[in-house]
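Reader: I would like to go through this model with you and ask how each label was earned. Could you take me through it, definition by definition?

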Amino acid sequence: MGRLQDKVIIITGALGGQGQIAVRRFLEEGARVVASDRAADAAGDVATLMAEQPERLAYLGGDICGDDLPGQLVATAVERFGRLDVLYTNHGMMVGKPFLETTMGEFDALIATNLRAPFALSLHAARAMAASGGGVIIHNSSVGGIVGFPTMAAYGASKGGLAQLARSMATDLAEHGIRVNAICPGVVDTPMPRRYVGDVGEEERTAAFDAMAGMHLLKRLARPEEIVNVVVFLASDEASFMTGAVIPVDGGLTAI
Ligand SMILES: NC(=O)c1ccc[n+]([C@@H]2O[C@H](COP(=O)([O-])OP(=O)(O)OC[C@H]3O[C@@H](n4cnc5c(N)ncnc54)[C@H](O)[C@@H]3O)[C@@H](O)[C@H]2O)c1
């Protein structure tokens, strides 16, 4: 028996660096998964897992900011697997730019992706969960939602909003048996920080990654598995007394 045996979970951003690891781990723990990302079809590890376990893994692609996809994901979970137990809003985008150079278009895109879409998904998911006796919602925020960083004003505002959304939703949803928490990763070794550093020379890249590693007490980036471990715990009954928590998973970055 896995720690999440037969639980039904939606994972967004499922083709990303953390998402692919999350899909694999949740399946290993016995869950049934509805995975979603922007691409129309599953790819990489998720495509392989779908071929191996079609009865436990479904994929629905599209822009999570669209009006229809959040509801369709919840409907897919209920139609394919009979219920919804866990929502993990893991998708996200980052724009790293000095405040004075950030455009309103970039700000709007960050809020739409990192805050509005998790809100919409949560509405659909929580309604289904309340009707079936409860569930768990986990938002993937960021240390950028807790402390300020240069070039991260718009991203930080979206992720700070997401952390606060978790706290606030928890207060409304406790009576429906729904726990809501947010995790705040430090820098994780996925395509996201690589895009942030950009197309620079080897020396500049090494210096940028050394600087990012140096912000953490542990002096390195997180491996995606180290973030997903906490998500699995929060999704499981082992975290039955945790709700409304905003949890750094950051190698000590916010301790200093
Ligand atoms: N990597 C880090 O250093 C870091 C640190 C703190 C928090 N986070 C957060 O962790 C989460 C996972 O990121 P990751 O590190 O795996 O990065 P990633 O870029 O590999 O994955 C993000 C995924 O989100 C998807 N996505 C973005 N916008 C979308 C949209 N409009 N519709 C559908 N899908 C969309 C992307 O396609 C991508 O697959 C994100 O919310 C990110 O903000 C990442």
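**Labels and their reasons**

Author: Gladly! Right after H1 comes Gly30, with a positive phi near 95 degrees. Helices here are DSSP runs of H or I with at least four residues, strands are E runs of at least two, and both are numbered from the N terminus. Residue numbers count from 1 along each chain as its sequence is written. The model is predicted, so local features need pLDDT of at least 70 and side-chain atom pairs count only at pLDDT 80 or more, while totals for chains, interfaces and linings use all residues.

Reader: What makes the reach of H1 close to the expected one?

Author: The expected span is 1.5 Å times one less than the number of residues. H1 (residues 17-28) has twelve residues, and its reach from first C-alpha to last is 18 Å, close to the expected 16 Å. For H4 (residues 104-131), with 28 residues, the reach is 39 Å and the expected value is 40 Å.

Reader: Where is the kink in H4 centred, and how is such a bend defined?

Author: The kink is centred on Ala112 and amounts to about 35 degrees. The bend is the angle between axes fitted to the seven residues ending at a residue and the seven starting there. Just past the end of H4, Gly133 has a positive phi of about 105 degrees.

Reader: Why is H1 called mostly covered?

Author: Nine of its twelve residues are buried, and a residue earns that word if 20 or more other C-beta atoms, placed from the backbone, lie within 10 Å of its own (12 or fewer means exposed, in between partly exposed). Among the buried ones in H1 are Gln18, Ile21, Arg25 and Phe26. They pack against several elements, including strand S1 (8-12), strand S2 (32-36) and helix H8 (224-235); contact here means C-beta atoms, placed from the backbone, within 7 Å.

Reader: Is Gly71 buried, exposed or partly exposed?

Author: Gly71, in helix H3, has 16 C-beta neighbours inside 10 Å, so it counts as partly exposed. Gly71 and His124 are 53 residues apart in sequence, yet 5.8 Å apart in space, C-alpha to C-alpha. His124 is one of the buried residues of H4.

Reader: What makes S5 largely enclosed?

Author: Six of the six residues of S5 are buried, so the rest of the structure largely encloses the strand. Gly135, Ile137 and His139 point one way, and Val136, Ile138 and Asn140 point the other way.

Reader: How do you know that S4 and S5 pair?

Author: Pairing requires that DSSP finds at least two bridges between the strands. S4 and S5 have four, in the parallel sense, so the definition is met. Val86 stands opposite Val136 in S5. S1 and S2 also run parallel, joined by five bridges, with Val34 in S2 as the bridge partner of Ile10.

Reader: Which residues come nearest to the ligand?

Author: Gly13, Gly16, Gln18, Gly92 and Thr190 come nearest, out of the 26 residues around the ligand. H1 and helix H6 (191-197) are the elements that give two or more residues to this shell. A residue is near if its C-beta atom, placed from the backbone, lies within 6 Å.

Key:
Two residues are in contact if their C-beta atoms, placed from the backbone, lie within 7 Å.
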